[in-house]
Structure formats: C-alpha cells, structure tokens
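Please look through the structure below before reading on. The paragraphs that follow go from single residues to helices and strands and back again.

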Amino acid sequence: MTSHLHAKRIGWVVLLLTLVASGLYWWQLTRAAGQLRAETVAQAELRAKQLNGAVAEQVSILVRSADRAAQELAEAYASGRKREFDTLVAKVEQRFPFGSLLQIASIDAEGYLSYSNLGMKSSVYLADREHYKAHLNSPEPRLFVSAPVFGRVSKQWSIQFTRPILHRGRFNGVMVVALSPEYLHRSLAATTLASDDVIAIFRQSGEYLARSVENEKAMGKHVGANRDFVGPDAAPSGSFKTSANFDKVVRLFQWQRIEEAPIVVVTGLSETTLLRPVEAILAKNRGQAIVATAVLWLMAFAAAALLRRLSAQQKETFERAEQLEAAGKKLATSEKRLRSIFETEPQCIKVVDNKGRLLEMNSAGLEMLEASSLEEAQSRSLFDYVAPDYKDAFLALHKRVMQGESGKLIFKITGLKGTARFLETHATPMRDANGEVTSLLGITRDITETLQAEQQLRIAATAFESQEGIFVTDAEGKILQVNQAFTRITGYSADEVVGKNPRLLQSGRHDRSFYEDMWERIEREGVWEGEVWNRRKNGEAYPEHLTITSVKDSKGRIANYVATLMDITASKSAEEEIKNLAFFDPLTQLPNRRLLQDRLQRALTASVRSGRGGAVLFIDLDNFKTLNDTLGHDTGDLLLVQVAERLVTCVREGDTVARLGGDEFVVMLEDLSENTLEAAEQAKNVGAKILGALNVQYLLGEHAYNSTPSVGATLFERNISIDELLRQADIAMYQAKKAGRNTLRFFDPQMQASINAHAALDAELRNAIENEEFQLHFQVQVDDKGRPFGAEALIRWDSPGRGLTMPGAFIPHAEETGLILPIGLWVLETACKQLKAWAQNEMTCRLVLAVNVSAKQFHQTDFAAQVRAAVEGNGIDPGQLKLELTESMLLGDIEDTIATMNALNEIGVRLSLDDFGTGYSSLQYLKRLPLNQLKIDQSFVRDITSDNSDRTIISTIVVMAQSLNLEVIAEGVETEEQRELLERSGCKQFQGYLFGCPVPIGKFQSLFLQG
C-alpha cells in the first residue's frame, strides 16, 4: 500500500514538472512572438517616418509658394499699380502645378471681395470668413491658413493662404491665395501605400485639410483635441498609435510639422496589414508548439508509469537490504568496497539527517561546496548553501524525503568561496532497522554547463527563426539548413535547397568579378556584407541585404558558412519614389531645379578639370499664358509635355534637359570644345536645332497649335557660380524676347557691365550716406519786382570717385532701392538747420526754403512726425519751410494723401505741387488738397515764346490757381522774354538761370548779401 502511494505521488511530481516545462516553453514562444511584432512595427515606423518626411517637404514647398505669392500680391495690390498687379497674378498662376491653384482674390478693409481672378460678378461679403477676422484682429503681418471652406465665387472647396494688405502699416484688406484640397488629396493618393494606409494633412489646430482616402468625408472636420500633434504646444514631430475617426482602423502614425505654417503632415500605416505576415508565421509556430507539447506530455505520462515501476523495485530493494543487515559479516566485508566507490564517484553523494546536517559527503560533493574537508563543509547547515530563491523548494524536498518519499530537484548553491552552481539532486529516504526514516541519501550532479548550453540552444533556435532569412552551408558551400524566413523570401522550401549550392539564387545581374571579390573578402576577413540582386523561385529578381560569415572549428579550419538575407524591395521602392519626388518634375519627368543645380555643379567642376567647354541654354515659350487663358491649363500641360519630348531629342545622351517651372526649360551641354569660339558655335547649333524642333506645329488634343521659343545661351566660365550662370542665361533669354522672340541670343557682357555698374552705384551711395558726402545747392526764387523771397534746396553728391554728381545720376537709383528715405531725411534736417542759421541775420531771416519730397518719403506712415521733429528740433518758423510734392503722389490712395497733407498743414509748413501740368492731377482732387502753391513745369516755360499752346496752358494754370486761392511760381525761366510773357499771363513768382543757377550755400549768401 505504501509503495503504491509513493508511486502516485511521484507521478504527480512528474506531471507537475511537465506542466512547468510546458509553461516555460509557451512563455518563451509568446516572448519571441512579441519581439517579432515589435521589430516589424519598428521597421514600419522608420518607413512611415521617411515617407512622412518626403510628403512634408512637398507640402512645405507648396506652402512656401502660396505664402510668397500672397506676400508679393499683397504688396503689389497695396501699391495701387494695377498693371503690375495683373502681371504678377499671371506669373503666380503659372508657378503652381496644374489643378492646385483655385483662386487669387482680395478682400477690402470693409470685408467685401474687391478682386478675383475668376471674375467679379456681384458684391460678395466675406467679413465673416475666418481668415479675414484673423488678420483684422492681429497687428502682425503673418501667414494665415484656413480650414477648407466652400467658395462663394469659385463654388469649390478650397484652403485659403492669406496675408494682410497693409497700407502705411494699417490694415487695408486681405490677399487670398486659394489652393485645392482635391489637388492635395490626389497628390497624397498617388503615393504608393497599402490599402489601409493613409496620409493626411492637418492644420495645427486639428482640422483635416486633405486625406489620401475618404477626403470628402474628412475635409474640414476636427480630428480631436487628444491627438499629440494638435495645439500650439505640440512637438514638431513624433509618433503614436490609435484608431482613426473615420474607419476605426488601428494605425501607427508619424507626424511632422512644417516650419512655414501651422500645418502638420501625418502618415498612418495599418497595424493589421503590417502584422499579417508576422501572424501567419506565428500561427505556424503555434501549431508546431502544440505538437511538441503533446509529445512532451506523452513522455511525462510514460515517465510517471516508469516511476511507479521504479517505486516497486525500490520496495523490493529495501526488503533485500533488511536481509543484508541481518547478515552483518557480509555487510562489513562490503563496506570497505562501498567506501571506495563513495569517494571515487564523480557525482556528489551525501547523507543528510533530518536537521539538514551533513553526515557524509564524498570528494565530488566537497568540491561543489568549495570545502577542503567534511568538517569545513559541516561548518554550515546544508540549507545555508542553497540560494534564497530555491531555499523553499529545497526545504520542501527535504521534508518530503524525511516523510518517506523520494524526490528530485534542480537548485542553485553558493560555495564557501562564492562560486555559484546549478545542481540536480535525487534524494531518497534512508531508514533504520525499524523502518523509520533517519536520514536521506542524495545523488547530486553539477548541471551548470548543461543549463548554459540549453539556454544558448534556445537563443540560437529563436534567432534562427527570425524575420531575416538564414541558410547554413558546409565548407564546400552545400546548403545544410534554412529557416522559414528564407522560404518566405525566396519561395524555396528546405527540401528544395538542402544539399544544393546557393548559386541557384543568382539573378545574373552581377558579373564574375563581383563574386570573386566577395569570396576573396570572406577568406581574408571572415565576413562580407552588402546589397545583391537574387532571383526568387518564381523567376522574379529582387534586391536583398546579404551578410555571409565563415565559421571555424577548434583547429581554425572553416567548417560552415552562415548567410543572413533581408528583402529590401520595399525600402528600395520607397527610396526611388522619394528620389523622383525630390529630383524630377512630375509633369514632364524631366530633372527639376534641384537636380539641375547638382548636375551643373558637377559639370562646372569637370569642365575646370578637363578644360572642355560647356553651355547653358535658357528656353522660355512665347505667349504661353495666352494658350492657358484661351484653351485652359490642361492644354498648356499637353504643350509642356510635348516640348519636353522634343527638347530631349535635340541633345546628346550625356546632356541634361530640365524644367524649372511654368514654361521655363534649361538645357545643359557638356564636353564642348576647349576653344571658346568653337564651343559657342556648338551651343549655337544646338540652339538652332531646338528652335527648329519647337517651331513644328503641335497637336494638342483636337487643337493644332503653333508655338515659338525664346532662347538665351551662355558658356561656362572659370570660377562662375551656378546662380550666376543661370542668371546670365536668363538675361540672354530676355534679350531674345526684346529682339522679337523666336530667336537665340548669347549673354551680352555689356548688359552685365550695366548690372555691375548698378551694383557699384548702390554700394557707393550707401557709403555716401554713411560718410555724409552730400551737400545742398541753392537756387534763388524772386517776385515780379525781382526781389528774392526764397530759394529751392537742390541736392548734390560730392563723390570721391565721381566728382560733383547731379541728382539725375543717382536719385532714380535711390528711389528704386529705398535709399531715398535716409537721403530725404538728411535733406530735410539740413534745410531746417539752414533756416535756423538764416534766422540769425536780418537780411535772410524772412527767406522761404523749398525742399523736394519723394513719393516713398511722403508715403511713410510717420512722415508728418519726421517733419514736426525737424522743425521743432531746430526751432524754426514752420511757415518758412516749403515742401514740394509731385503729381505722381496723387496716383495712390488720395484719402491717405490728403490726411498726410492736413497733418503737415497743422504743423504750419507750406506745400507746393511741383511740375504741375505734366501729370494726371484731377481737378476734383486738386480742390480738396490743402496746397499753398502750384509750380509750372519748365517744359511749358521753355517754348512759351514760340508755342501758343504752351502760353494757353500757362494762362489756364494761373487762372485755375487764382480761383483756388493758390500762389503760382514758374521754374526754368532763362530769358527776359519768357519772364515777360509769364508776367502777362498773371504769374508773379519765378525761378531759373535768368536769376541765378544753383550754388553752394557760401556763394549763395555772398551773392544774396551783395544784392
């Protein structure tokens, strides 16, 4: 009965150990599955980040184009020059890809639509629009991007890129560049993605701007405030995982905010799609694991049965032991032999009492405990050697054995010298003559190395079944083993390749020297790594990342080769797609500006090194805008594609044809003659070929169309930059336009000299301002009695390099560059100081000094404040300062002009309208202007003695001035006859060489005091 109970307990122990082993096995399998999923997801996140960065760069380019267009249009619109504004609108329309630009519009300060390139049909109120309110309430001239809105004029959904229209720093409306969400959707949808993957563009505040799928469903809706990329404090980039609002698909998301605007690009890859191949592999592994577990349990039940059988045998052994005990003499004889066995047994044999004290232990056991003698080992309880994590199990085993059971345990000990070991012990109870258990007999072996080997095998097995393909060959190159990833990548099963050479995978794309170099490196360094093209079982060639490592035996001889391979088809495709987006024009497939600049840099470097010539041809299609306006942008795109095809046929294989944008193309010619004249002739021949090819009639859909190009050419020069080279070709193209179009012109160095002179003048003027090289000359003004009552201050430039320079040589340039502002302020301050000096002398204290004011100077928002500061700072009578304004100033915002003039009147300065009669003054406005004087232009005075019409005009001006209670002064009076005719017409004030030419202040005062 007792033996039966012991067997039953032993059986339960075996089953328990089997359960533990099964659990550990399934835990390891689950952990490996988790690692595989994590690695797959990590690779997907990297791919999503790369794709997201490429899309963000394209969106950034489009946003920069829209922002730049909005700024330029706002400035042009604010200037009031309609012709320049219309020209700029046409240029902006050509900049954008077809279908991307929906509308260019402006909203006035009251919130009504004031301009639309789609046409103005009726008054449209837009003050309720988000983009109008944003600029109305914000003093900062910054870009605003709206959520998708339905246009009241365009009748389409659009995204509004807006800038405020500022006039003298004040809000005067909003300029709108409206882009198509549908264009963004098509661009995103064209990106190669899996069916459940998605790319979306959001505002920073969370509204959808465009989505690669279900765009209409998502457009304008808010994604939710709980998204990591939403809000002003969101990080510039990052990742997260969640389910989408529209289709509830769980995706791995990457986002990146573009720097130019509050816009975020988000890429989401479906987790289900990513993990589908992984789950298939794991399902197969789970099937194998189920089979292995079943086999393990069968073995466990068999072991339990065997233990029951051993238990019965044990009982029989004890019975025989009792018989042997009775035979004392025989036991004594065999004791010596047993002691010898005990001491020489390589495994530990020990006897332990019920308190855990060592009674006996052989040398093998003492070595495990790191004790030199039994007495040293007995200095501790046996329990004290056991590691804490295993102590409870060890005590439980000891207790069961002392209760009469046998048992087995794997545990860890620490020896007296600190060495840790894993041991496996089999413990059996030892009974006295009465059958009472008094001690236990333990047979223990050191299994530390065995466990480490098993761990290494488990790690190796897990690694071998990784997501990378692996195959192992012998020293002769015959395949011994492959993993599942190898089969998945190549299509070959293990049965089809074991025993064969890996050359069956070769694609034929690499020559013999490639493989010779590979094996030479393996023999020299023991490893080779790189990209190689192989062929799958179905015949498909594919790129893979391959690593081959040699494995040597204990004698240093090569025993095996281990190869790991990874299919990089997807990453190669993504890399090629990103390259195409970055370097090629999507319409014509020609290199874009970025790739052209790269090739130009290489060509310039090669030209310097080889001495061979090169050239750049800049090609612009004549009247291309007319084609777009009449037949539409679709037809214009057809022409651009055909032009690109014809250009490619006109050049050699090594030359480059690129599209810069719109209807502008560039041809780069390399390897021309070393002789400059011969190189120019070669470039001219190619230009003539291009002219001939592009003059052939085009068939654009149902329309026959004739187009001509204007071509500008320039040759490579040493030490020339890319920007300078393209600029020269562009200048030459405009020379071709001026020459009548449909022709070729080379870059003209004289034009370059003019440009250089312009730049030199700019630099000299800036130095002149800094070094105070300007001076004022004064020309006297007299009344009808010949008495001086004032003077006009005229600027001169005393240049160290140019000498005394008249204003006509530098004032137009100063107006163009804005340098007129500091120059005008200097004139104003100097004139006021002169009036202050004249006030100290009785002869000059009543003189009035006239100062010319430029349009840019007058239209500054703080101009009146500048005048007030100059007058009050010098303590002069403001009535003695006269500001001469030109009629061109009236062409802008008349209300702002009148407001500024009223502010100047409040200061007390006098205002004169200079060059009157030569501009476009409206009498309606003239009567509202707070003027003191009209100045008759010298062009009417010059011919007054011979031209009756000039006399009539002057008389009319005088009568009109008198009716408006204004003074009249005539300039350019050079003869007494002119003065008399002017006086008869009613003019009482004069200025001109008849009375004195402009002179420096010293000479002016000397002449004045002399009378």
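Is Tyr112 buried, partly exposed or exposed? This is a predicted model, and in it Tyr112 has a relative accessible area of 36%, which means that the residue is partly exposed. Tyr112 sits in the loop that links strand E1 (101-108) to strand E2 (113-116). Its C-alpha lies 5.6 Å from that of Val124, and the two residues are 12 apart in sequence. Val124 is also one of the residues that Tyr112 contacts; when neighbours within four places in sequence are set aside, the full set is Ser106, Ile107, Ser123, Val124 and Tyr125.

Some totals help to place this loop in the whole. The protein chain has 32 helices and 38 strands. It has 1011 residues, of which 45% count as buried. Taking contacts between residues at least 6 apart in sequence, 57% of them join residues at least 24 apart.

Helix H15 covers residues 512-525, and its length can be checked with a short calculation. With 14 residues at 1.5 Å a residue, H15 should span 20 Å, and this agrees with its end C-alpha atoms, which are 20 Å apart. Which residues of H15 are buried? They are Tyr515, Met518 and Ile522. These three cover an arc of only 55° around the axis, so they lie on the same side of H15. On the other side of the helix, Arg512, Asp517 and Glu523 are exposed. The buried residues of H15 pack against three strands, E19 (527-535), E20 (541-552) and E21 (558-567). After the helix comes Gly526, which has a positive phi, near 85°.

Strand E22, residues 613-621, gives another view of burial. How many of the 9 residues of E22 are buried? The count is 9 of 9, and the strand is mostly covered. In a regular strand, side chains alternate between the two faces of the sheet. For E22, one side carries Gly613, Ala615, Leu617, Ile619 and Leu621, while the other carries Gly614, Val616, Phe618 and Asp620. Residues on both of these sides are buried, and both faces of E22 are covered.

E22 also has strand partners. It runs antiparallel to strand E24 (residues 664-672), and 7 bridges join the two. Within this pairing, Ile619 stands opposite Phe665 of E24. Strand E27 (residues 709-715) pairs with E22 as well, again in the antiparallel sense and over 7 bridges. There, Leu621 stands opposite Pro709 of E27.

Next comes helix H22, residues 749-771, which contains Asp762. Is Asp762 buried or exposed? Its relative accessible area is 15%, so Asp762 is buried. The side chain of Asp762 makes a polar contact of 2.8 Å with the side chain of Arg766. Leaving out residues up to four places away in sequence, Asp762 touches His813, Thr817 and Leu819.

Beyond H22, the loop leading to strand E29 (774-783) contains Glu772. What is the phi of Glu772? It is positive, about 55°, although Glu772 is not a glycine. Glu772 has a relative accessible area of 63%, so it is exposed. Asn965 is another residue with a positive phi that is not a glycine; its value is about 60°. Asn965 lies in the loop between helix H30 (948-963) and strand E36 (967-971). With a relative accessible area of 73%, Asn965 is exposed.

The cysteines remain. How many disulfides does the structure hold? The number is 0. Cys348 has a relative accessible area of 3%, so it is buried. Cys650 has 5% relative accessibility and therefore also counts as buried.

To go back over the main points, the buried residues of H15 lie on the same side of that helix, whereas E22 is covered on both faces. Asp762 in H22 is buried, and Glu772, in the loop after that helix, is exposed. Tyr112, where the reading began, is partly exposed.

Conventions:
Residues numbered from 1 in each chain as written. Predicted model: local features only at pLDDT ≥ 70, side-chain atom pairs only at ≥ 80, totals over all residues. Heavy atoms only, no water. Buried < 20%, exposed > 50% of the residue type's maximum accessible area, 1.4 Å probe, protein only. Helix = DSSP H or I, 4+ residues; strand = E, 2+ residues; numbered from the N terminus. Pairing = 2+ DSSP bridges. Expected span 1.5 Å × (residues − 1). Arc of directions from axis to C-beta. Contact = heavy atoms within 4.5 Å. Polar contact = N/O pair within 3.5 Å; in protein donor to acceptor, adjacent residues only side chain to side chain. Disulfide = S-S within 2.5 Å.
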